[in-house]
Amino acid sequence: MKLARFDDDRIGIVRDDTIIDVTTLVDARPRDWPPVAMVRLIANFDRYRGKLEAAEKGQGKPLSSVRLLTPVPWPNKVVAYPVNYHDHGVEMGSSIRANSQGFFFKPPSALSGPADPIVLPINAGRRIDHECELAVIIAKQGRDIPREAWRDYAFGYSCLIDAVIRGTEERATRKGFDTFCPVGPWIVTEDEVGDAASNLRGRLWVNGELKQDANTKDLIVDIPAMIEMASSVMTLYPGDIIATGTPAGVGPMRPGDKVKIEFDRVGSMTLDVIQGDSGKNSIFTKPVPPQPKT
Ligand code: MN
């Protein structure tokens, strides 16, 4: 099942090129604040599953007639794994890997959706890169989750771009800007992916040119181990998002670019890149030290 948010915070099921509005069925209230209807739905999914499966067979309206929003706009946290593909570690000249360094966070306020542009901040000419990543959406609350139990805790998947200003400052400072975490176009539930999660191809294009071509079979810390590692530190909650890391091929985004991300079995979204006028800060005016090559 593909679960989407759309228009004024409505919830829908996407089927082919249509969307079926299930807002009332899942007891969601559009424009509620904070916008946690999808988190509630994920937390109580077993209660709604039967009704949703029946609704999925009904008549929808054209997907093109709605504005899709990021599926989980108010998660408890967005956990992200750095340098989780060897080829990306090599291109960055980095000697660390996710299996020795663990994870970081992106702020939930950085989340944006499939119809939203990536807004580049003012950053004194620093390079701003795209990172093509599979997002795992957490199903239920858990701590110290053993890797064998991972599928009970994986609700579904989405496409995620981990945007970043290159440099050596703390990751949250460089990766935390508004719109630096597009997630979408919807959540495809775990049962539609199954074991294929460990062999999912994801690609990213800039202006039609293929830049990144990933497969989750090349992850250093795989999805079960990511859930195990994150939950060893902190309680995971329904709707939490894990950014699983990026393969080689990261590169700059510039105003006017169109960035497309696609994962097999999940979907795709194409985002405009525009220049914004926020973000001016002296931290980005100092030069970046040269990166060692390995
Ligand atoms: Mn990343």
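## A small sheet: S13, S10 and S18

In this predicted model, strands S10 and S18 run antiparallel and are joined by 2 bridges. Asp-129 stands opposite Pro-252 in S18.

The two strands belong to an open sheet of 3 strands. Its order is S13-S10-S18, and the pairing is antiparallel. S13 and S18 (residues 251-252) are the edge strands, each pairing on one side only.

## The manganese site

Which residues donate to the manganese ion? The protein donors are Glu-131 (OE), Glu-133 (OE) and Asp-162 (OD). They lie 2.0 to 2.1 Å from the ion. Their spacing in sequence is E-x1-E-x28-D.

Glu-131 sits in the loop between S10 (128-130) and S11 (132-138), while Asp-162 sits in the loop between S12 (154-161) and S13 (164-165). The pair therefore ties together parts that are 31 residues apart in sequence. Is Glu-131 buried or exposed? Its relative accessibility is 5%, so Glu-131 counts as buried. Asp-162 is also buried, because its relative accessibility is 1%.

## Thr-246 and its contacts

Thr-246 is placed in the loop between S17 and S18. Its relative accessibility is 2%, so Thr-246 counts as buried.

Two polar contacts involve its side chain. The side chain of Thr-246 reaches the backbone nitrogen of Cys-132 at 3.1 Å. A polar contact of 2.8 Å joins it to the side chain of Gln-212. Leaving aside residues up to four places away in sequence, Thr-246 touches Tyr-85, His-88, Glu-131, Cys-132, Glu-133 and Gln-212. Of these contacts, Glu-131 and Glu-133 are also manganese donors.

## Strands S15, S19, S20 and S9

S15 (residues 201-206) pairs with S19 (residues 258-263) in the antiparallel sense, over 5 bridges. Here Trp-205 has Lys-260 in S19 as its bridge partner. S19 also pairs with S20 (residues 267-275), again antiparallel, over 6 bridges. Lys-260 stands opposite Thr-270 in S20. Lys-258 has Asp-272 in S20 as its bridge partner.

S19 and S20 form a hairpin with 3 residues between them. In the turn, Arg-265 has a positive phi of about 70 degrees. S20 has a further partner, S9: the two run parallel, joined by 3 bridges. In that pairing, Ile-118 is matched with Val-273 in S20.

## The nonpolar cores

How many residues does the largest nonpolar core have? It has 50. The residues with the most contacts inside it are Tyr-157, Ile-223, Ile-227, Ile-242, Ile-261 and Val-266. The elements that give two or more residues to this core are S9 (118-120), S11, H5 (150-153), S12, S15, H7 (223-233), S19 and S20. H7 supplies the largest share, 5 residues.

Another core lies apart from this one. It has 34 residues, among them Leu-3, Ala-37, Val-78 and Ala-243. Such grouping fits a general pattern: in soluble globular proteins, nonpolar side chains tend to be buried together.

## Helix H7

The buried residues of H7 are Ile-223, Pro-224, Ala-225, Met-226, Ile-227, Ala-230 and Ser-231. What covers them includes S6 (78-80), S11, H5, S12 and S17 (241-243).

Ile-227 touches Ile-138, Ile-145, Trp-150, Tyr-153, Leu-236 and Ile-242, not counting residues up to four places away in sequence. At the start of H7, a side-chain oxygen of Asp-222 comes to within 3.0 Å of the backbone nitrogen of Ala-225.

## Phe-177 in its loop

Phe-177 lies in the loop between H6 (171-175) and S14 (181-189). Its relative accessible area is 16%. The cut-off for buried is under 20%, so Phe-177 is buried.

What does Phe-177 touch, not counting residues up to four places away in sequence? Its contacts are Ala-110, Pro-121, Ile-165, Gly-279 and Phe-284. Leu-120 is 57 residues from Phe-177 along the chain, but the C-alpha atoms of the two are separated by 8.5 Å.

Terms used: Residues numbered from 1 in each chain as written. Predicted model: local features only at pLDDT ≥ 70, side-chain atom pairs only at ≥ 80, totals over all residues. Heavy atoms only, no water. Pairing = 2+ DSSP bridges. Helix = DSSP H or I, 4+ residues; strand = E, 2+ residues; numbered from the N terminus. Buried < 20%, exposed > 50% of the residue type's maximum accessible area, 1.4 Å probe, protein only. Contact = heavy atoms within 4.5 Å. Donors = N, O, S within 2.8 Å, 3.2 Å for Na, K, Ca; no water. Core = buried A, V, L, I, M, F, W, Y, C linked by side-chain atoms within 4.5 Å. Polar contact = N/O pair within 3.5 Å; in protein donor to acceptor, adjacent residues only side chain to side chain.
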